[in-house]
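Subject: Structure for your review

Dear colleague,

Please find below the sequence and structure that I am handing over to you. My findings follow directly after them.

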Amino acid sequence: FFFSSRRRHTRYISVTGVQTCALPISDKFKNDNRERISLRRFLDLYIKENLNPNGNEIVELENRFNSSVDLVYETFGRASFHNISPTIPDKLVEKFSPTLFDSILIAADYSIQKGGFSIPQNPEQQRRSLLQDEDYRFSVTKETMSRKSINTRISKACEYLFGLEYE
């Protein structure tokens, strides 16, 4: 499912069910102690536990998702979820990256929920600094389903993009 009443966002990103559910399931996998995490498993559990959400729950999820997408879109623009080229670091690849999407969107949601975040002076420069960080690059390209990689990429996104520590 895709929560958005804003057409510009449906054109801006194509979102699969797994990434759309990243916000509510991110709270669940934080407490799981396994080394490798299956987001698909957490999605299945989330859907099973929430088969008949009430109207308020749907509105809350829709608002969280839209607020996060709005924050990212307005701060970092249309290329928010595009990685830097491995061969030409000043160039962005044209392809949307689901791994960047989950880390940046969860970081945005976390920042909104926690409050007290700050937008960098030069958001795009800071986003590119994140994309060039060695630990972040590793976490979005290798072992992407390991607990350590997931937490690293969310933590780095919170730190670089919103000036917060991910707890």
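I begin with one residue: Leu92 has a relative accessibility of 18% and therefore counts as buried, the cut-off being under 20%. Please bear in mind that the model is a predicted one.

Leu92 belongs to strand S2, which covers residues 92-96. Beyond the neighbours within four places in sequence, the contacts of Leu92 are with Ala79, His82, Asn83, Ile84, Ser85, Glu124, Arg127, Arg128 and Leu131. Phe81 is eleven residues away from Leu92 in sequence, and the two C-alpha atoms are 9.8 Å apart in space.

Turning to the chain as a whole, the secondary structure consists of nine helices and two strands. Along the sequence these elements run in the order α-α-α-α-α-β-β-α-α-α-α. The chain has 167 residues, of which 47% are buried. Among contacts with a separation of 6 or more, 69% join residues 24 or more positions apart. The accessible surface amounts to about 9,200 Å², and carbon and sulfur atoms contribute 48% of that area.

A second buried residue deserves mention. Phe76 lies in helix H5, which spans residues 55-76. Its relative accessible area is 7%, so Phe76 falls in the buried class. Neighbours within four places aside, Phe76 is in contact with Pro123, Glu124, Arg127, Leu161 and Phe162. Glu124 and Arg127 also appear among the contacts of Leu92. Gln126 is 50 residues from Phe76 in sequence, yet the C-alpha atoms of the two are 9.5 Å apart in space.

H5 also packs against helix H6 (residues 98-114), at an angle of about 105° and with the axes 9 Å apart. H5 is therefore roughly perpendicular to H6. On the H5 side, the contact is formed by Arg64, Phe65, Ser67, Ser68, Val69, Leu71 and Val72, and on the H6 side by Phe101, Ile104, Leu105, Ala108, Asp109, Ile112 and Gln113. Sorted by class, this contact comprises nine nonpolar, three polar and two charged residues.

H6 itself is mostly covered, with 13 of its 17 residues buried. From first to last C-alpha, H6 reaches 24 Å, close to the 24 Å expected at 1.5 Å a residue. Gly115, just after H6, adopts a positive phi of about 80°.

A further helix pair is formed by H7 (residues 123-132) and H8 (residues 134-141), which pack at an angle of about 70° with their axes 5 Å apart. This angle makes H7 roughly perpendicular to H8. Leu130, Leu131 and Gln132 of H7 meet Glu134, Tyr136 and Arg137 of H8. The contact of H7 with H8 has three nonpolar, one polar and two charged residues.

Finally, helix H9 covers residues 147-162; its 16 residues should span 22 Å at 1.5 Å a residue, and the end C-alpha atoms are indeed 22 Å apart. The buried residues of H9 are Arg147, Ser149, Ile150, Arg153, Ile154, Lys156, Ala157, Cys158, Tyr160, Leu161 and Phe162. Leu161 and Phe162 are also among the contacts of Phe76. Just after H9, Gly163 has a positive phi of about 65°.

Yours sincerely

Methods. Residues numbered from 1 in each chain as written. Predicted model: local features only at pLDDT ≥ 70, side-chain atom pairs only at ≥ 80, totals over all residues. Heavy atoms only, no water. Helix = DSSP H or I, 4+ residues; strand = E, 2+ residues; numbered from the N terminus. Buried < 20%, exposed > 50% of the residue type's maximum accessible area, 1.4 Å probe, protein only. Contact = heavy atoms within 4.5 Å. Areas by Shrake-Rupley, 256 points an atom, 1.4 Å probe, with all protein chains shown as cover. Expected span 1.5 Å × (residues − 1). Axes fitted to C-alpha atoms, helices over the stretch in contact; angles between N-to-C directions. Parallel < 35°, antiparallel > 145°, perpendicular 65-115°, else oblique. Nonpolar A, V, L, I, M, F, W, Y, C, P; charged D, E, K, R; others polar.
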